[in-house]
Amino acid sequence: MDRERALHIYATMNRIRKFEEKAVQLFEANKLRGSVHLYIGEEAIAATVCSQMTDQDYITSTHRGHGHAIAKGATLDRALAELMGKATGYCKGRGGSMHIADLEKGNLGANAIVGGGVPIAVGGALAQKMKGEKQFTVSFFGDGASNQGTVHESMNLASLWKLPIIFICENNGFGISVPTWQSTSVKDVSVRAAGYNMPGETVDGNDVMAIDAAVERAKTRALNGEGPSFIECKTYRWKGHWTGDPETYRTREEVASWMERCPIKAFRAYLLKNGIAQEKELDDIENAATAEMEAATEFALNSPEPDPAQVMDDVFFVG
Amino acid sequence: MSIKTYAVAIRDTIAQEMRHDDKVFIMGEDIEVLGGIFGCTRDLAKEFGTERVRNTPITEATFVGAGVGAATAGMRPIVELMYMDFTYVAMDQILNQAAKIRYMFGGKAKVPLVIRGQQGIGRGNAGQHSQSVESLFMHIPGIKVACPSTPAEAAGLLRTAIRDDNPVLFFEHKALYSTKGEVPDDPEFAIPFGKAVIKKEGKDVTIVANLLYVSKALEAAAILEKEGISAEVIDPLTLVPLDIDTIVKSVQKTGRLITVHEAHREGGWGAEIAAQVTEKAFRYLDSPPIRLGAKQCTLPFNLGLENAVVPQVDQIVQAAKQSLYR
């Protein structure tokens, strides 16, 4: 990994973290409503995966999608404005936290139906293949979605048609309160890839370098027309499923042990240890993320509400 | 003009549109070699190849979803469902995804997707292969609903559907596939959405019908004519957008409304039309609107039972007379 990309990943992880911390703060201050599913603790995955993508490559995202959107190029101000339902948000306040989409950056949208975005990603990859583009698609989904029929059907179809797609399962250990062992018949979700004749591997989802290497293999395969790959990233969400989750299904000790393995801290240590970056520049990156988030917050707070007179716009395209 | 069957009109329109635009392609079950079980894609793979005429595994939710994704990513997919009953298997992708993407994402995305296939009675296919399900899709904003009743309308509406930048559900009727009619040869022939067609003019009672029931309504109108009752028969062609004005105007003339469809009567599209007409033309009505539709039970296999469930021509005649207090 070159230095520039490494620093970009570090910056993205920090920007996601600051965004999520601000989101929870605003939620608790009653400045934003609805469901807010935080990506804190999982930042390495989106930041690393999307660092290997261009704006012409597609992603589909999930209800826990802020990190994916930011990593794929969403700006913090418009993303936060969307969480606050403002007219300046990515979806003009129509989508909120669970539906950030930015087609110009190749984000085909976050989906609040678990597993719902995966067939859409297959369609994105099909379009890329049929247009003869040298592009690929990544579908992010969770361990919960990995049991949905659409995910299995999508793996089958993508493999059959040799589509340029990477299935990225973010296994954070829980579907709301249900631990993966209680919902999922296999220990490593990636073994299911074999059933669809594609390579599958499980990596430490808090380890940027491990994720990066797996994505590089999968991307090469996709762009060579060899078809899809499956990568399971084992990780953990530090916060509840949603803001306000009583979290009676896990212990504080378990959460604390994962916080010890913070992906941002770990990557920072890696960058320092390998002489890729100095303390000062990493501090600067973190401070820049904080400053960007403050400005984004000002922007979102001061943005106008959408005009109810426009509530019927865009039900259909009128051309 | 050429004389074509309804099925061939559909097939030829798909072929013309695939010639017209490289982004148009079709996928579905058994469409490649077999040409679909009703022949609506016959020989298309020979002309366009298997990249653009794709056989899918039996996974309706996912290949409909792939259509949604491909459309959002700039293609113009046509997804064939072997039976429109199978929309139920793909409901999340149709109603939560295709219908909502444009609006929910703030109006940036376009989803030029056609989901088409046949439905209805006529082949003894029983409960899961004989339903008429178009009314359901009228209820959810974000999708258009087209229901052609003749070969020419099948061709003209399908062209409009394929060129529309919104998701369109296109309902064909299995019992109409072998019916013949004149179809314009012009590869630009299109019928706009949202314009109802008056199939027969009349002055005493308005009968609104779609798909197979247009011919049954016309049959009833012919019987009524002999008894001195002049029925006007209207086919809305598209339920979304709905041309309520043509229907209202007709009722303002006749003072009576019958809606008749093969879809279930309760909560069917006829109920919506009856409600809108009542709102817009209450004082013109000389009798309460009458809704005819399939009885509220599963479509049975046995022919006699099937006929007992769906409206018959004599019931349309009776309803018209009832509306005239005869």
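Good morning. I begin with strand β6 of chain B, residues 144-146, which is joined to β12(B) by two bridges, the two strands running antiparallel. Within that pairing, Val145(B) has Val240(B) of β12(B) as its bridge partner. I should state at once that this is a predicted model.

These two strands belong to an open sheet of seven strands in chain B, with the order β3-β2-β4-β5-β7-β6-β12 and mixed pairing. In general, the strands of a sheet pair through backbone hydrogen bonds, either parallel or antiparallel. The edges here are β3 (53-55) and β12 (238-240) of chain B, each of which pairs on one side only. On average, and ignoring direction, neighbouring strands of the sheet are turned by 20° against each other.

I turn now to the contact between the chains. Chain A contributes 35 residues and chain B likewise 35 residues. Which elements of chain B each supply at least two residues to the side that touches chain A? They are α3 (60-72), α4 (91-98) and α5 (101-104) of chain B. The largest share, 10 residues, comes from α3(B). By residue class, this side of chain B divides into 15 nonpolar, 14 polar and six charged.

Finally, chain A as a whole. Its secondary structure comprises 11 helices and eight strands. The C-alpha atoms fill a box of roughly 55 × 50 × 40 Å along the principal axes. The radius of gyration of chain A is 19 Å, which agrees with the value near 20 Å for a compact globule, because the chain has 319 residues. Of these 319 residues, 55% are buried. Among contacts in chain A between residues at least 6 apart in sequence, 74% join residues at least 24 apart. Thank you.

Methods. Residues numbered from 1 in each chain as written. Chains lettered and ligands numbered in written order. Predicted model: local features only at pLDDT ≥ 70, side-chain atom pairs only at ≥ 80, totals over all residues. Helix = DSSP H or I, 4+ residues; strand = E, 2+ residues; numbered from the N terminus. Rg over C-alpha atoms; globule rule 2.2 N^0.38 Å. Buried ≥ 20, exposed ≤ 12 C-beta atoms within 10 Å, placed from the backbone. Contact = placed C-beta atoms within 7 Å. Nonpolar A, V, L, I, M, F, W, Y, C, P; charged D, E, K, R; others polar. Pairing = 2+ DSSP bridges. Axes fitted to C-alpha atoms, helices over the stretch in contact; angles between N-to-C directions.
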